[in-house]
There are 2 protein chains.
Amino acid sequence: MKTKISVSEKKKEVLENLRNFGARLYGQMEEGAFPWIKMPSRSIQNIFYSPEVRQYILGDKAVRRSSRNIRHIRPFTQLVWAAYFAYELAKNRKTSTLRDVYYSAQAFDVAFKDQPESNSIITDLETVVGFAREDFNVFPEERSAIFGDLTIEYTVRGYEGRQYNLMSHPDGVMIGPAITSAEFVKTSTDMVIAIEKGGLFTRFIEEEVHKKFNALLVLLGGQAPRASRHFIYRLNKELELPVHIFTDGDPWGMHIAMVIISGSANAAHLRDLTTPDARWSGVWATDIVDYRLPSDELTPVDIKRLYELQKDPRYKGDLWQKEIKKFLKIRKKAEQEAFSRYGLTYIVDKYLPEKLKEVA
Amino acid sequence: MKTKISVSEKKKEVLENLRNFGARLYGQMEEGAFPWIKMPSRSIQNIFYSPEVRQYILGDKAVRRSSRNIRHIRPFTQLVWAAYFAYELAKNRKTSTLRDVYYSAQAFDVAFKDQPESNSIITDLETVVGFAREDFNVFPEERSAIFGDLTIEYTVRGYEGRQYNLMSHPDGVMIGPAITSAEFVKTSTDMVIAIEKGGLFTRFIEEEVHKKFNALLVLLGGQAPRASRHFIYRLNKELELPVHIFTDGDPWGMHIAMVIISGSANAAHLRDLTTPDARWSGVWATDIVDYRLPSDELTPVDIKRLYELQKDPRYKGDLWQKEIKKFLKIRKKAEQEAFSRYGLTYIVDKYLPEKLKEVA
């Protein structure tokens, strides 16, 4: 492991950043000033795609929020409360959800008019603290899963120091707060294969893709939750495992891969959620032709989406442009399961080895 | 364990039923007859709610499909192919999905015009064979999860005879083909608590509900997949564990519980998917009042749904009728997370013990 990212070190840093935020406000008050905060602007005019970082980043524009300004008092108070709440969560190693945050505020007589308002304050807090909300224990509802030879050491309460291998349960283990905060101990694997759908994830386990290709298997379950995107980032960074992403052959599948690779505009204030070296390894538009896959017509919505992606800075690369063009030419899409047309194991016996060779 | 349902015995029975289906056709042909099949009708006129079985069942009407009838040849051939395919799956212990079935047919030049047509043939096969499609290894995409002190013994290939405890991974283990086909070895738990949402599932694990209430925790993830409904049935039947279901306090949450308890009309041809003794243990409409929970207005769609449920034979019981009335009176709904209004642990420290006592 080259870039060992210590989970406990990171947790300490998160707590420290939250404490510093509070200390800054106290300092301002001791100097007799109304407390204020400056943070990078997340307005659309300040979001840029960076070819160096290979993801969206924020520009130099900053916003200043001051408790002196009557229009700022409300969001400022909400932000300070959110920082307090996040600090308590992280300190006590308890997790919650965006929904919980919204309701918890009521216990403190901090008013949020609706869920979007409290979500937006949590995003502000991410920007101020410089960490994703998952790092201060606000987790999404959605769960992905993992299977394969990776030994992890849990850090969550009651499991501290316990080591388990992720191959013990052939249905896979959920990727939740415990797995994402675990330290990596060892693995014998050579790559990560991330799969869009549950059926194929199970197929891959049954056909022993983990052994035949020496791979860790990740089930995305559609658009990957942020916790899973960060987890894939860690597998790539800490364990130096190449990452292959298999999705349906349509603009939505493509974009599932892209968000893992290059992230999204609304996470421009965050790092460590993207895996720029991950590869979208199918189903490509060219696969639909080359493998003569059963396919469906692209809908007008699919086609509109393809034209959007064609102009998206994340899709500048040759592979993407070529595949988008091909989709638009053949006007067809195909699901991962379409390979079953050649028998259930064809995708593992034929397609997968050919594809891994092709993108290597 | 009183009613030990041996998984391997059941698998044998499924294979036998599929073989018998084929043997019957051969027998008919040897007698010089066009092969035919008779099966219970699944038309709406033949579906009844049975207060004895406490679920929907099929009546006495039967349909006959004969290869002699030109209009029957197509579905008859499709059904025979599906039986062959299911037999191969079950025999080789491979799993697939409804999607796979649709595409796999093309490898045999058996035409399905679309996904609904092949789904419907698989339902026919369930009716003929008397087992759910999961029993002949056609699984849904969706996955639930489980956590708690239950030791299981896997029967899937490569894991035969291996025993694992489901408390080793604090994010939970996915309920897929491997878990659902595992034998139960032992448990120290006294009940099953099934939870609608991922955030609360994690909260319950963090707050050690599994220890404090000696419970197995199941994450439903919304409407429970059929494989999970059968799994809950087994936990209740084989391990004699009472089952409590916690959902959001709205008609949709209620119905998540009801489908686990009494099943659905379109599974009237199946048994072993329902757990009639399971309890919906909240969030009730009366809880919204009694605990003064933060709530939202019922939408017109919610209200329409409540009036439908009020007339539904599964909702005959006092609790259901009372709660439906209450919802309609207060015109409010509340989410499970609404308890966070009293602090994150309130739901575990106060609400859960009070509720379990109340419904006991």
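Which residue of E11(A) is the bridge partner of A:Ile152? I began the notebook with this point and found that A:Ile152 is bridged to A:Phe184 in E11(A). I keep in mind throughout that the model is predicted.

**Entry 1, the sheet in chain A**

I followed the pairing outward from that bridge and noted that strand E8 (residues 150-153) of chain A and E11(A) run antiparallel and are joined by four bridges. The two belong to an open sheet of three strands in chain A, which I read in the order E9-E8-E11 with antiparallel pairing. Strand E9 (163-165) and strand E11 (183-187) of chain A are the edge strands, each of them pairing on one side only. Averaged over this sheet and with direction ignored, I noted a turn of 25 degrees between neighbouring strands.

**Entry 2, the sheet in chain B**

I then looked in chain B, where I found an open sheet of three strands in the order E9-E8-E11, again antiparallel in its pairing. Strand E9 (163-165) and strand E11 (183-187) of chain B have a single partner strand each, so one side of each is left without a neighbour in the sheet. For the neighbouring strands here I wrote down an average turn of 25 degrees against each other, direction ignored. Between strand E8 (residues 150-153) of chain B and E9(B) I found three bridges in the antiparallel sense, and I noted B:Asn165 in E9(B) as the bridge partner of B:Thr151.

**Entry 3, a hairpin in chain B**

Strand E2 (residues 47-50) and strand E3 (residues 55-58) of chain B run antiparallel and are joined by four bridges, with B:Phe48 bridged to B:Ile57 of E3(B). I recorded the two strands as a hairpin with four residues between them, and in its turn B:Arg54 has a positive phi of about 60 degrees.

**Entry 4, helix H2 of chain B**

I next checked helix H2 (residues 73-91) of chain B, whose 19 residues reach 27 Å from the first C-alpha to the last, close to the 27 Å expected at 1.5 Å a residue. Its buried residues include B:Phe76, B:Leu79, B:Trp81, B:Phe85 and B:Leu89, and B:Gln78 is listed among them as well. I asked myself which elements the buried residues of H2(B) pack against. They pack against helix H1 (7-30), strand E4 (62-66), strand E5 (96-97), helix H3 (98-107) and helix H4 (115-129) of chain B. After the helix comes B:Arg93, where I noted a positive phi near 50 degrees.

**Entry 5, where the chains meet**

I turned to the contact between the chains, to which chain B and chain A contribute 45 residues each. On the side of chain B that touches chain A, at least two residues apiece come from E5, H3, strand E10 (173-175), helix H5 (177-180) and helix H6 (198-206). H3(B) gives the most to that side, with six residues. Sorting this side of chain B by class, I have 19 nonpolar, 14 polar and 12 charged residues.

**Entry 6, the domains of chain A**

Chain A is divided into domain 1 (7-139) and domain 2 (186-359), and I noted 33 Å between their C-alpha centres. In the contact between them, 14 residues of domain 1 of chain A meet 15 residues of domain 2 of chain A. Strand E2 (47-50), strand E3 (55-58) and helix H4 (115-129) of chain A each supply at least two residues of the domain 1 side, and E3(A) gives the most, with four residues. By class, I wrote down eight nonpolar, two polar and four charged residues for the domain 1 side.

**Entry 7, a helix pair in chain A**

Helix H9 (residues 251-262) and helix H11 (residues 300-311) of chain A pack at an angle of about 35 degrees, and their axes are 9 Å apart. I traced the contact to A:Pro251, A:Met254 and A:His255 of H9(A), and to A:Asp302, A:Arg305, A:Leu306 and A:Leu309 of H11(A). These contact residues divide into four nonpolar, one polar and two charged.

**Entry 8, A:Lys11**

Last, I looked up A:Lys11, which lies in helix H1 (residues 7-30) of chain A. Why does A:Lys11 count as partly exposed? A:Lys11 does so because it has 19 C-beta neighbours inside 10 Å, whereas 20 or more would be needed for a residue to be buried. From A:Lys11 to A:Phe327 I noted 316 residues in sequence and 44 Å in space, C-alpha to C-alpha.

Methods. Residues are numbered from 1 along each chain as its sequence is written. Chains are lettered from A and ligands numbered from 1 in the order in which they are written. This is a predicted model: local features need pLDDT of at least 70, side-chain atom pairs count only at pLDDT 80 or more; totals for chains, interfaces and linings use all residues. Two strands pair if DSSP finds at least two bridges between them. Axes are lines fitted to C-alpha atoms, for helices over the stretch in contact, and angles run from 0 to 180 degrees between N-to-C directions. The expected span of a helix is 1.5 Å times one less than its number of residues. A residue is buried if 20 or more other C-beta atoms lie within 10 Å of its own, exposed if 12 or fewer, and partly exposed in between; C-beta atoms are placed from the backbone. Two residues are in contact if their C-beta atoms, placed from the backbone, lie within 7 Å. Domain bounds come from an automatic or database domain assignment. Ala, Val, Leu, Ile, Met, Phe, Trp, Tyr, Cys and Pro count as nonpolar, Asp, Glu, Lys and Arg as charged, and the others, Gly among them, as polar.
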